[in-house]
Amino acid sequence: MPELPEVETVRVGLNQNTLGWQIEGGEVLLARAIAYPEQSENFLAALIGAEFQEWQRRGKYLIANLSDGSKLGVHLRMTGSLLWCDRNTPVGKHTRVRLFVKEILKEKGKSKQNAVPKELRFDDQRTFGKIWWVPPSQTTESIITGLQKLGLEPFDSQFTPEHLQQKLSRSGRPIKTVLLDQEIVAGIGNIYADESLYLSKIHPQQPANSLNFAQIKALHQAIIRALSDGIAKGGTTFSSFQDIAGVKGNYIDTAWVFRRTGQPCRACGSVILRIKLGGRSTHFCSQCQKL
Ligand SMILES: [Zn+2]
């Protein structure tokens, strides 16, 4: 599942490619990929004529500001991906939504159309991904309701060890499970939760509210480090993640524990273990991370 670094990689790619392109049509191949409006014809009709102005990220959500004051929201969930491709690229069996775009070149006060027809394509094998159109008259949170309860961004200056301590003190669940809760910190998923716990030498099963302040400070620092490293490497290669040009990231090659079951710990040489916690595979070092 794409997490903060993967979604951030996609956001950067979208900002490098789509700005100044205008939506002139499209095709919805899977109606339930569109979360709002309910009718996919209305979704396409609403978007025609709008130009991409800027893509932002909130947690694992991508949100585009469009020229008419409306917005386009995307959540990739398990297997979704956005691809920027030529319009004649063959449609794949997992292609769910296509947005046809044309480039508006503003020269000497006149608009001139670029000859190469492109599209922004949404592929999604497992079909949990969602796309929203947010009318100019509505707040983004009222349409994309999942945004309402999101915790702070890990790179927000308000995300401090004290803030994390306050959030963790409310739960006796295992720290690994709590880190996956988007109300605690936005954007962390299974990979970066395991990596952050390894870097802070915390056992994934330790109850969240039993962490002392030194551990919380270490965890706070580790979350920022793991996510920054992930962004620097363009996200992870495994699963279906790719950037908008279809290029895979390479974070996983240097992962500390994630998907390294049975391999030696990069610090102490002990074997990396895997357990199930809250239904999710959890990887950790039996020596570096003690209960
Ligand atoms: Zn170790």
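**Figure 1. Burial and overall dimensions of the predicted model.** Of the 291 residues of the protein, 40% count as buried. The coordinates are those of a predicted model. Seven helices and twelve strands make up the secondary structure of the protein. The radius of gyration is 21 Å, which agrees with the value near 19 Å for a compact globule of 291 residues. Along the principal axes, the C-alpha atoms occupy a box of roughly 65 × 35 × 35 Å. Among contacts with a separation of 6 or more, 66% link residues 24 or more positions apart.

**Figure 2. The two domains and the domain 1 side of their contact.** The domain assignment places residues 4-147 in domain 1 and residues 161-285 in domain 2. The C-alpha centres of domain 1 and domain 2 are 30 Å apart. Domain 1 gives 18 residues to the contact, and domain 2 gives 20 residues. On the side of domain 1 that touches domain 2, helix α1 and strand β6 (80-86) each supply at least two residues. The largest share of that side comes from α1, with nine residues. By residue class, the side of domain 1 that touches domain 2 has seven nonpolar, seven polar and four charged residues.

**Figure 3. The five-stranded open sheet.** The strands of this sheet follow the order β2-β10-β5-β4-β3, with mixed pairing. Strands β2 (34-36) and β3 are the edge strands, each pairing on one side only. From one strand to the next, the twist averages 20°. Strands of a sheet pair through backbone hydrogen bonds, either parallel or antiparallel. In this sheet, β2 and β10 pair in the parallel sense, while β5 and β10 pair in the antiparallel sense. The pairs β4 with β5 and β3 with β4 also run antiparallel.

**Figure 4. Strand β10 and its two neighbours.** Strand β10 covers residues 130-134 and is joined to strand β5 (residues 71-75) by five bridges. Two bridges join β10 to β2. Trp132 of β10 is the bridge partner of Gly73 and also of Tyr36. Trp133 of β10 is the bridge partner of Leu72. Five of the five residues of β10 are buried, so the strand is largely enclosed by the rest of the structure. Lys130, Trp132 and Val134 point one way from β10, and Ile131 and Trp133 point the other way. Lys130 is thus listed among the buried residues of this strand, along with both tryptophans.

**Figure 5. Strand β4 between β3 and β5.** Five of the six residues of β4 are buried, and the strand is mostly covered. Strand β4 is joined to β3 by six bridges and to β5 by five bridges. On the β3 side, Phe52 has Leu66 of β4 as its bridge partner. On the β5 side, Asn65 stands opposite Lys71.

**Figure 6. The two hairpins that involve β4.** The hairpin of β3 and β4 has two residues between the strands. Gly59 in this hairpin takes a positive phi near 60°. The hairpin of β4 and β5 has four residues between its strands. Gly69, in the turn of the β4 and β5 hairpin, has a positive phi of about 90°.

**Figure 7. Helix α1 across the sheet, with Gln56 of strand β3.** Helix α1 (residues 4-17) lies across β3 and β4 (61-66) and runs at about 170° to β3. This helix also supplies nine residues to the side of domain 1 that touches domain 2. Gln56 belongs to strand β3 (residues 52-58), one of the two edge strands of the sheet. Is Gln56 buried, exposed or partly exposed? With 15 other C-beta atoms within 10 Å, Gln56 is partly exposed, because a buried residue needs 20 or more and an exposed residue has 12 or fewer. The C-alpha atoms of Gln56 and Leu14 are separated by 9.6 Å, and the two residues are 42 residues apart along the chain.

How values were computed: Residues numbered from 1 in each chain as written. Predicted model: local features only at pLDDT ≥ 70, side-chain atom pairs only at ≥ 80, totals over all residues. Rg over C-alpha atoms; globule rule 2.2 N^0.38 Å. Contact = placed C-beta atoms within 7 Å. Pairing = 2+ DSSP bridges. Axes fitted to C-alpha atoms, helices over the stretch in contact; angles between N-to-C directions. Domains from an automatic or database assignment. Nonpolar A, V, L, I, M, F, W, Y, C, P; charged D, E, K, R; others polar.
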